[in-house]
Amino acid sequence: MFDARGLGEAERLIDEWRGAIEVRASRARELSSRLALLTETARSPDGLVTVTVGAGGDLTGLDLGEGIRQRPATVTAREIMTTLRAARSAMVAAVTVTTTETIGADSATGRAVIETFAARFRPEDGCRD
């Protein structure tokens with residue numbers, strides 16, 4: 001069945017395979033840790049609305065400048081939503097960079113991670129609130 005040479009070669013291949021799996025698992029853990037820490041902030045063009053989102057796209061901070069009081073509530077609400085979408089778009093860009101740096105954006109896993117975030121924050125799908 002196996003001679004000593006064949007067995008040695010099989011053991012070497014198994015060790016290489018195990019090492020490759022350990023490297024991929026380590027990179028995946030690093031990606032997960034880094035993604036969990038991501039936040040992105042966007043500011044409205046006039047600087048009166050600042051929105052911060054966490055990695056899940058959830059609103060984690062909202063700052064309104066004093067000048068906001070001079071606007072109708074509907075304008076303020078629209079500006080908050082527009083700025084929230086901008087922060088979420090920035091999050092997709094940050095996820096893409098982080099994925100590229102850890103597991104590679106060209107890998108199947110990397111593409112899946114990026115597409116999952118992009119789909120979650122796609123404006124045509126509505127803005128999750």
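**Reading a predicted model, feature by feature**

Author: Let us start with R12, a residue whose relative accessible area of 36% makes it partly exposed; please keep in mind throughout that this is a predicted model.

Reader: With which residue does the side chain of R12 meet in a salt bridge?

Author: The general idea comes first: side chains of opposite charge can pair when their charged atoms come close. In this structure the side chain of R12 meets that of E9, with 2.4 Å from N to O. E9 is itself partly exposed, and its relative accessible area is 36%.

Reader: How far apart along helix α1 are R12 and E9?

Author: They are three residues apart in helix α1, and therefore about one helical turn separates them.

Reader: Which other salt bridge should I look at, and what is the distance between the closest N and O atoms of D15 and R18?

Author: D15 forms a salt bridge with R18, and their closest N and O atoms lie 3.5 Å apart. D15 and R18 are also three residues apart in helix α1, so that about one helical turn lies between them. D15 counts as partly exposed at 47% relative accessibility, and R18 is likewise partly exposed, with a relative accessible area of 43%.

Reader: How many residues apart in helix α1 are E30 and R34?

Author: E30 and R34 are four residues apart in helix α1, which again amounts to about one helical turn, and their side chains meet in a salt bridge at 3.5 Å from N to O. E30 is partly exposed, with a relative accessible area of 37%, while R34 counts as partly exposed at 29% relative accessibility. Salt bridges can also share partners, and in this way E9, R12 and E16 are joined into one network. The structure as a whole holds seven salt bridges.

Reader: Which residues make the nonpolar surface patch?

Author: I14, W17 and I21 make this patch, whose area is about 310 Å². W17 is placed in helix α1, which covers residues 4-37. W17 counts as exposed because its relative accessibility is 56%, and the cut-off for that word is over 50%.

Reader: Let me turn to T98: is this residue buried or exposed?

Author: T98 is buried, since its relative accessible area is 5%, and buried is the word used for values under 20%. T98 has its place in helix α2, residues 73-102. If neighbours within four places in sequence are left aside, T98 is in contact with L31, R34, L35 and L38. R34 is thus a residue to look at twice, as a contact of T98 and as a salt-bridge partner of E30.

Reader: In what order do the strands of the open sheet stand?

Author: Here too the general idea helps: strands of a sheet pair through backbone hydrogen bonds, either parallel or antiparallel. In this model three strands form an open sheet in the order β1-β2-β3, with antiparallel pairing. The edge strands, each of which pairs on one side only, are β1 (39-43) and β3 (59-64). On average, and with direction ignored, neighbouring strands of the sheet are turned by 10 degrees against each other.

Reader: How does helix α2 stand to this sheet, and which strands does α2 touch?

Author: Helix α2 packs on the sheet, where it touches β1, β2 and β3, and the direction of α2 makes about 40 degrees with that of β2.

Reader: How many bridges join β1 to β2, and which residue is the bridge partner of E40?

Author: β1 and β2 run antiparallel and are joined by five bridges, and the partner of E40 is V53 in β2. These two strands form a hairpin with five residues between them, and in its turn G47 has a positive phi of about 80 degrees. On the other pairing, β2 (residues 49-54) and β3 are antiparallel over five bridges, and T52 stands opposite G61 in β3.

Reader: Finally, where is A119 found, and what is the distance in space between A119 and V92?

Author: A119 is found in helix α3, which covers residues 108-120. Although 27 residues separate A119 from V92 in sequence, their C-alpha atoms are 9.4 Å apart in space. A119 is partly exposed, with a relative accessible area of 26%.

Conventions:
Residues numbered from 1 in each chain as written. Predicted model: local features only at pLDDT ≥ 70, side-chain atom pairs only at ≥ 80, totals over all residues. Heavy atoms only, no water. Patch = residues over 30% accessible without salt bridge, like charges linked within 9 Å, V, L, I, M, F, W, Y side chains within 5 Å. Areas by Shrake-Rupley, 256 points an atom, 1.4 Å probe, with all protein chains shown as cover. Salt bridge = Lys/Arg side-chain N within 4 Å of Asp/Glu carboxyl O. Buried < 20%, exposed > 50% of the residue type's maximum accessible area, 1.4 Å probe, protein only. Contact = heavy atoms within 4.5 Å. Pairing = 2+ DSSP bridges. Axes fitted to C-alpha atoms, helices over the stretch in contact; angles between N-to-C directions.
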